[in-house]
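Take a moment to look over the chain below. We will go through it step by step, from its domains to its buried parts.

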Amino acid sequence: MAERIIIEGGVPLRGEVPVSGAKNAALPLMAASLLVPGKLVLENVPDLRDVQTMGRLLQYLGATCEGKGTLVVNSSDVTGWEAPYDLVKTMRASILVLGPLLARFGRAKVSQPGGCAIGARPINRHLSGLEALGANVRLEHGYVIAEADRLVGAEVVFEAPTVTGTENLIMAAVLAEGETTLVNTAREPEIVDLANALNAMGAKISGAGTGVITVQGVTSLTPVTYSVLPDRIEAGTYLIAAGVTGGTIKVVGCVPSHLRAVIDRLEKAGLHIQEGNDWVQASGSDGIRAVDVRTDPYPGFPTDMQAQFMVLMALSTGLSTITETIFEQRFMHVPELCRMGADITLSERKAVVRGVQRLSGAPVMATDLRASASLVLAGLGVENGITEISRVYHLDRGYDDLDEKLSSIGAKIWRAGG
Ligand code: EPU
């Protein structure tokens, strides 16, 4: 029988949880290794299925990728320029090799990612950006094929911010001839991390973290050792665990400023928050207050925290509205949460959540990464009863040591089957 996570809820969680490196920073940094021949050393890399998939993709292209926690990637002998369907279909972030392959080798062939459980997720903004830098881009047999002798700097105006699109364009522009200006870029901390790493390698990128990024092309980069930034979504997920279980959790090794929008909503919901330079502590309260939330690009409330926050609201004392503006279908967790006793109604991009006194344990199915995290939180918040979550591979794509970290602060969580 396939592996399941089983949770016996009702235990107020108490203690410290260390945060791992950010998945969404580690993946672009691994892709960036394709820009620089030699040994790139990445520290604080989370041990996740997506990281393993990106490692397999780099190896498929001819790089070596060794280690766990600290990854040593060497792309000196890369000759491949094709990201095949089998790897891209298991992880959309594979699209991140498009920019670097094109920049270093003048050509790239990457399977088109297609839709996924949270929406259609087109890549048109990545492609028109690369075209603006002089690439010839065509779509053939389900693949994107991009070619350019050498990319040439230009102004790229994104019609709306895209995280991996901004990252792809930064990586394409670092080795381009002349200056590239990227306008209306995403401002996520993971983009700043990528720019910092590339600048340490000799790139000339300024403005990362703002809506306008300038890249002065250079002819080559030098490999460095770089430590991946802490995962703000993992941190936020544990803070909510304190809220739903009525416990106190100190999340250590995080960057509190990256969690500002989340902390703000948690405080409004009545959680008691304390923070230091690199830690945040949340304590649950008896009556969770209902708070409206709308997801937005950073520094707004992250879509990657929407499902988890909904669990807190499901246990609130009032009525809240959760609006998802980033992905059109990111509500797959709603029917599962309702099977656990939540009272949530959906209309287009809005979920109306009427708080209930308690959730009840049930067999539920994970549908995507953050939806799975919400089911774990709901399972922890069940006062009395067992929750059994199937399709847990979604969780293993993005949460490093989830079961161990939760067990260490008192959760009754274990795996069966598999
Ligand atoms: N979009 C387009 N055209 C494009 C690119 C994006 O229409 O060319 C749309 C998307 O469909 C979406 C919106 O723009 O509606 C924003 O998407 P974005 O491109 O910013 O998302 P992404 O880069 O594909 C990253 C994260 C996601 C996270 C989003 C939003 C990585 C590897 N993935 O995806 O992370 O939800 O940004 O913050 O960085 C997760 O970790 O669970 C996850 C899904």
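A nonpolar core is a set of buried Ala, Val, Leu, Ile, Met, Phe, Trp, Tyr and Cys residues joined through side-chain atoms within 4.5 Å. Keep in mind that this model is predicted.

Start with the cores. The largest nonpolar core has 77 residues. Within this core, L198 and L221 have the most contacts. Helix α1, residues 23–32, gives the largest share of the core, with seven residues. What does L198 touch, leaving aside its neighbours within four places in sequence? Its contacts are A32, L35, I170, M171, V174, A203, I205 and L221. So L221 appears twice: L198 touches L221, and both rank as the residues with the most contacts inside the core. A separate core of 68 residues lies apart from this one. Among its members are C254, L259, V376 and I389.Now turn to a single loop. T185 sits between β11 (179–183) and α7 (189–200). Is T185 buried or exposed? T185 counts as buried, because its relative accessibility is 2%, and buried means under 20%. Its side chain also has a polar partner. A polar atom of the T185 side chain lies 3.0 Å from the backbone oxygen of T210. Not counting residues up to four places away in sequence, T185 touches F158, P161, T166, T210, G211, V212 and I213.

Next, step back to the whole chain. The domain assignment gives two pieces of sequence to domain 1, 4–20 and 230–416. Domain 2 covers 23–227. The C-alpha centres of the two domains lie 30 Å apart. Where they meet, domain 1 supplies 23 residues and domain 2 supplies 21 residues.

How much area do domain 1 and domain 2 bury between them? The value is about 1,800 Å², with 52% of it on carbon and sulfur atoms. On the domain 1 side, Y298, F327 and R397 supply 31% of the area buried against domain 2. That is more than any other three residues.

Charged and polar pairs also cross this interface. The rule finds two salt bridges between domain 1 and domain 2. It also finds six residue pairs in polar contact across the interface. On the side of domain 1 that touches domain 2, the elements giving two or more residues are α12 (369–381) and α13 (393–396). One more pair is worth finding in the model. E190 forms a salt bridge with R232. The closest N and O atoms of E190 and R232 are 2.8 Å apart.

Note on methods:
Residues numbered from 1 in each chain as written. Predicted model: local features only at pLDDT ≥ 70, side-chain atom pairs only at ≥ 80, totals over all residues. Heavy atoms only, no water. Buried < 20%, exposed > 50% of the residue type's maximum accessible area, 1.4 Å probe, protein only. Helix = DSSP H or I, 4+ residues; strand = E, 2+ residues; numbered from the N terminus. Contact = heavy atoms within 4.5 Å. Polar contact = N/O pair within 3.5 Å; in protein donor to acceptor, adjacent residues only side chain to side chain. Domains from an automatic or database assignment. Buried area = accessible area lost by both parts, 1.4 Å probe. Salt bridge = Lys/Arg side-chain N within 4 Å of Asp/Glu carboxyl O.
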